[in-house]
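Trainee: Could you take me through one part of this protein slowly, as you would at the bench? I would like a close look at a single helix and then its surroundings.

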Amino acid sequence: MKVTFSAPGKITIFGEHAVVYGRPAIVGSIDKRIYVTMERRNDNCIKILAEDLSFKGLSIKIGDRIEVEANDRILEALKYIVKAIEIASEYINEKSGMNISISSEMPVGAGLGTSAAITVATLAAYSYILGHELSLNEIAKLGHTVELTVQGIASPMDTTISTFGGLIYLMPNVGFEQLSLNNELDLILGHVKRDESTAKMVKKVREIKERNEKIIEMIMSSIGAIAEEGKWAIIKGDVEKLGLLMNINHGLLESLGVSTKLINDMVYASRNVGAIGAKLTGAGGGGCIIALCPGRKKEVSLAIKLVGGNPMDFKLSMEGLKRHNTQLL
Ligand code: MEV
C-alpha cells in the first residue's frame with residue numbers, strides 16, 4: 001500500500017514568540033504544501049528520500065542509533081520525521097519499516113511552518129498505512145508533542161494550522177476560532193536564507209526573557225494585544241489597521257532580537273514602495289517576511305528582489321491536512 005498526505009505551510013500574521021508564552025496569535029495556512037508519501041516495507045527500515053529538500057536519500061532503522069552525515073537543515077527536518085514515527089508507533093502500538101518520500105512547494109526551515117507540515121503529514125501517513133485513521137484532533141495533539149520533544153519549547157500554533165488549515169485566532173490552552181475574510185488580502189512573501197533553527201530562536205527569546213522578565217513580559221502582552229485587535233480588524237475588513245498592526249508587531253519582534261538586517265531590509269523596502277504593513281513571519285533569524293500591499297504586489301516583489309530577497313506570490317488557502325491517492329500495491 002502506498003499513500004500520500006499533504007499539509008500546508010503557514011504565515012503568522014500576528015503573535016509569533018508571544019504565543020509560546022500563552023498570548024493569542026493569528027495564523028493562516030497558505031497554498032504551498034509539503035507532500036509525504038509512504039509505502040510499507042517488509043523489514044524494520046525507514047528509508048527517506050527527499051531530493052528537493054536536498055536530502056541525498058538515506059536509510060535509518062527504527063530503534064537503531066541514527067548516523068547521518070548531512071547539513072544542519074536536513075538534520076533538523078529529519079528530527080521531526082523520526083520523532084513523528086516514534087510517537088505515532090507508540091500511539092497506535094504498531095510499527096513497520098517504510099519507504100518515505102517528501103517534497104515541498106516552499107523553502108524548508110524558512111519560518112513557513114514546514115516542520116509542522118512534515119510532522120502532521122508523517123503522523124497521518126504512517127498511522128493510516130498501518131490501519132489507523134486518526135482524527136484531526138489526535139494528529140494536532142500528537143504533532144504538538146513531536147514539536148515539543150524536538151524543540152524543547154513550542155506552542156501548538158504551527159501544528160494546529162497545518163492540521164486544520166484556515167485563518168485562525170489561536171488562544172493557547174483554550175482553543176482556536178476560524179476567522180473569515182471578506183476580501184482576499186494582497187500579500188507577498190519575501191524570503192532570505194535562514195541560518196538559525198526555530199528551536200534556537202525560541203531559546204534565544206527565552207534567555208532574553210529570563211534576564212529581563214518584566215520588560216519582555218510587557219512586550220509579550222503588547223504582541224498579544226495586537227493579535228486581539230488584529231482579529232477585529234480582520235472581522236471588520238479594516239486593511240489599513242491590519243497593516244499598522246503588522247508594522248507595530250514587527251517593531252516588537254525586532255526588540256526581542258529575532259529580526260536580522262536582511263529581514264529589516266525587505267520590510268523597509270516593501271514599505272517604501274507602498275506596502276501598508278510588513279513584518280517578519282515565523283521564528284526569525286532570517287527566513288521570511290510578509291508584506292500587505294493592496295494593488296502593489298509587483299512593486300513590492302521588485303523591491304524585495306533589489307535588496308537581495310526572493311519574493312514569492314502566494315494565497316491564503318483554507319485547506320489543512322489532506323489525503324491524496326491510496327494505491328493498493
Ligand atoms: C514558529 O513558527 C512560531 C514560534 O512562535 C514558535 C512556536 O510557536 O512554537 C516562534
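Mentor: Gladly! This is a predicted model, so please read everything below with that in mind. Let's start with helix 5, whose buried residues pack against helix 3 (136-151) and helix 6 (213-236). The buried residues in helix 5 are Ala199, Met201, Val202, Val205, Ile208 and Lys209. You will notice a lysine in that list, Lys209, alongside residues such as Val205 and Ile208. You can also check the length of helix 5 yourself: it covers residues 198-211, and at 1.5 Å a residue its 14 residues should span 20 Å. The end C-alpha atoms are 20 Å apart, so the expected span and the model agree.

Now step out to the domains. The chain is divided into domain 1 (2-177 + 317-327) and domain 2 (181-313). Their centres, taken over C-alpha atoms, are separated by 24 Å. To the contact between them, domain 1 brings 27 residues and domain 2 brings 42 residues.

Next, the sheet. Four strands make up an open sheet in the order 9-10-8-11, with antiparallel pairing. Strand 9 (277-281) and strand 11 (310-313) are at the edges with a single partner strand each, so one side of each has no neighbour in the sheet. From one strand to the next, the twist averages 25°. If you want one pairing to trace on screen, take strand 8 (residues 187-192), which pairs with strand 11 over four bridges in the antiparallel sense. Within that pairing, Ile188 has Asp313 of strand 11 as its bridge partner.

Helices lie against this sheet too. Helix 7 (residues 239-255) lies across strand 9 and strand 10 (287-292), and runs at about 45° to strand 9. Helix 9 (residues 297-306) packs on the sheet as well, touching strand 8, strand 10 and strand 11, and its direction makes about 10° with that of strand 8.

Finally, have a look at the nonpolar core. The largest one has 91 residues, and Ile11, Phe14 and Ile100 have the most contacts inside it. Helix 2 (residues 114-129) gives the most to this core, with 10 residues. Both domain 1 and domain 2 give residues to this core, so it lies between them. Phe14 is a good place to zoom in: beyond its neighbours within four places in sequence, its contacts include Ala25, Ile26, Ile226, Leu242, Leu245 and Met246. There is also a second, separate core of seven residues, among them Val19, Ala25, Met157 and Ile161.

How values were computed: Residues are numbered from 1 along each chain as its sequence is written. This is a predicted model: local features need pLDDT of at least 70, side-chain atom pairs count only at pLDDT 80 or more; totals for chains, interfaces and linings use all residues. Side-chain values use heavy atoms; hydrogens and water are left out. Two strands pair if DSSP finds at least two bridges between them. Helices (H or I, at least four residues) and strands (E, at least two) are DSSP runs, numbered from the N terminus. Axes are lines fitted to C-alpha atoms, for helices over the stretch in contact, and angles run from 0 to 180 degrees between N-to-C directions. Contact means heavy atoms within 4.5 Å. The expected span of a helix is 1.5 Å times one less than its number of residues. Buried means under 20% relative accessible area, exposed over 50%, partly exposed in between (1.4 Å probe, protein chains only). A nonpolar core is a set of buried Ala, Val, Leu, Ile, Met, Phe, Trp, Tyr and Cys residues joined through side-chain atoms within 4.5 Å. Domain bounds come from an automatic or database domain assignment.
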